[in-house]
Structures are given as C-alpha cells and as structure tokens.
Amino acid sequence: MKITIRLTLLAAAAVRGFWLWTVFFPSPEKVVLQKIARLAATATFSADDSSLIRAGKAGNLVGFFADDAQIILDAPGQAARTLSGRDEIQTAALGGFASLPQLKVQFLDVTVRIGADRQTAEATCTAKVNAGDSKDFGVQEMRFQFRKTGSDWLITRAETVKTLS
Amino acid sequence: MFVYSQLSGNLRFNTLVPNANEPTTQPHWFQTMLIGRRPRATLVRILALVVVCFVTFEFVLLPIRIDGISMQPTYHTGQIDLINRLAYIRHEPQRGDIVSVRLAGTSVMFMKRIIGLPGETVEFHHGHAYINGQLLNEPYVKFACQWEHAPIVCDATQFYVVGDNRSMAFDLHTHGRAERERIVGKLFL
C-alpha cells in the first residue's frame, strides 16, 4: 500500500513538474499562439476607452510587428491596401482607433506551423471583427508570418487570405 | 417470440421478487428519480449517450447558428441548423446544394449555394446567373438585382458558390470559387 501511495505521489509530482516546465519554458507553438491572443486583446477596445488608452493600445500594437513588417489587406468590398514598416502601421492603427467607436477582434481556429529552422513560424486563423455598436461582424481568413527576434516572436507579414477566389 | 428473443438477449429486467423474510432496502425515491434503481446501468447509459452525442455532433452533424443576410429569404439570422459532414462521401456536391465553406476552421463558415460545378463557366448578366452561357433557373432567388460580372471559369477542384440574396451589392456579397477541400458539408434542413 505504501509503495502504491509513493508511486502515485511520484507520478503526480512528475506531472506537476512537466506542467511547470511547459509554463516556464513554453514551446514555440504555444508562444506564437499566446502572441496572437495578445494581439487580438490589444486590438480590441470599447467605447468607454479614452483617447489616451486608445493611443496607448495603438502604440502597443506596433510592438507586435518587426521593423520591416508588411500588412497586406485585400478583403471583399474594400480597397486593397498594403502597410509597410512600423511607422505606417502605427499611423493606420492610430487613425483606426480614433475613428471607430469600438472594436472587438477575435482570432479563431488558429493553426501554427513552426519552420524547420525554428526561427520562423506561420499562423493561419479566422479573424472575427466587430466594429461599432451593431451585432454585425466581419470575418476574414488571415495568415501571419513570424520571425524569432531574440527571445521574442515578431510578425513580419500579415495578409488576408481569399477563401473564395 | 419477439418478446422472448429480447428477454433472452441483452435486455435485462429487474424480475427479483422480494423475500418476505428479508428486510427490503428500497432506495430513496429521490435517488431513484435521479440515478435510477441501478446506478451502474444508469452510468453506462449516460456514458453511451455522451459518446454518441460527441461522435454525432463532432464528426457527422455539425450544429450551426446562421448569421447574416446573404441567404435570405431561404435562411434568416438566428436560425439553427445542422451541417451533414458525410453528405459528400459517396458523391460530389451538386448544383443547388446549400453548403458550408470553411475559412481557417469550422468555428465560422460561409453558407452558400452551389451554382457552378468544376470546369463550368459562371457569369452574371442583368442579375441572372449563366452557366456555360445558359441561363440558370433559380427559383430560390426572390429579390431582383442587376449584377453584372464577366465569365469566371471554375477549375477541376472548384465550385462556384453564391448566396440567395442577390439584392445586396455585388461587391458586398461574398461569393466566388471555393476549393472542394473547403466544403465541409451540406445543410441538413
């Protein structure tokens, strides 16, 4: 009986140790997933948020992108647009955050693939965006490319994917 | 005979007659109501039900809630429906089928009607759809429109999908060629 209890405790300790290991040293896939979740949270703001908070969020949003990052937007019903570099992204983010009453961004069905060099990653997801007071929302398939810079993963390219051609 | 074969099969009935000399230990009526007279059998039933529901609603029938106006008047916002994921196991999607087209996953999908099959040319002229130059009869389209679009050829793996609500502006209506692998299934109802 004692041996059984000891073995059970040992197994529980091993499981807990493994869990702690994954918490403190997450896999690249998990890091990228967390990054995408934080990106959605940063891009989301409510009508109650002040201009200062919105400007702060727009500034934080730029921090997710590499210096040479590109955002390529080509959604149905809207003019195609390309943003190159952090400055353009920040300008567009500030403009968008100031003009929209509120914005809710969710990234659903995120799939992450880590490159063979372990320094790049690609993520595909469905962006669900709700802007304004209505319950209407837009959906758009997106593809993100990440590059490991130091210990951080930064977005080098974000582009819309045409689900229907 | 039928009853006999059932009784001699897997079905078991509680046919024990209580002995008058033995004290009866009847479970509390609330316990009986909650978990039945045979808790182990109830647990097995619950587990079986959970497994059946999981398999059915994960791999066979995908429950969906419709949102948007692109399929009006056939479908309205708020309607609940099911996607039959096994609909195209034996045959390919057909013209007129209402299908769901996945984006990155199945959390959010487009629900559209197939009007063009692989290899066909689809065009819109004065609001009417033409397949290989022939006018397509679409009784489900109730709202008139003036859509104009040059011919588009579907590849061998593509289906042309569009909503029933053609009163929307052409650019605002999501439609086009969907790859076969993106078609998740056919609407059940």
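This is a short talk on a sheet in chain A and on how chain A meets chain B.

Okay, hi everyone. One thing up front: what you're looking at is a predicted model.

Let's start inside chain A. There's an open sheet of six strands here, and if you walk across it the order is S2-S1-S6-S5-S4-S3, with mixed pairing. At the edges you've got strand S2 (81–84) and S3, each pairing on one side only. From one strand to the next, the twist averages 20 degrees. In general, strands of a sheet pair through backbone hydrogen bonds, parallel or antiparallel. Take S4(A) and S5(A): those two run antiparallel, joined by 10 bridges. If you want a spot to find on screen, look for Cys125(A), which stands opposite Met142(A) in S5(A).

Now, what lies across the strands? Helix H2 of chain A, residues 28–43, lies across S1, S3, S4, S5 and S6, and H2 runs at about 165 degrees to S3(A).

On to chain B. Here 15 residues of chain A are in contact with 19 of chain B. Together the two chains bury about 1400 Å², and 61% of that is on carbon and sulfur atoms. Who gives the most on the chain A side? Thr163(A), Leu164(A) and Ser165(A) supply 42% of the area chain A buries against chain B, more than any other three residues.

There's one salt bridge between the chains: Glu141(A) with Arg182(B), where the closest N and O atoms are 2.9 Å apart. You'll also find six residue pairs in polar contact, both partners at pLDDT 80 or more. And some of our sheet comes back: strands S3, S4 and S5 of chain A each give two or more residues to the side touching chain B. That side divides into seven nonpolar, six polar and two charged residues.

Key: Residues numbered from 1 in each chain as written. Chains lettered and ligands numbered in written order. Predicted model: local features only at pLDDT ≥ 70, side-chain atom pairs only at ≥ 80, totals over all residues. Heavy atoms only, no water. Contact = heavy atoms within 4.5 Å. Buried area = accessible area lost by both parts, 1.4 Å probe. Salt bridge = Lys/Arg side-chain N within 4 Å of Asp/Glu carboxyl O. Polar contact = N/O pair within 3.5 Å; in protein donor to acceptor, adjacent residues only side chain to side chain. Helix = DSSP H or I, 4+ residues; strand = E, 2+ residues; numbered from the N terminus. Nonpolar A, V, L, I, M, F, W, Y, C, P; charged D, E, K, R; others polar. Pairing = 2+ DSSP bridges. Axes fitted to C-alpha atoms, helices over the stretch in contact; angles between N-to-C directions.
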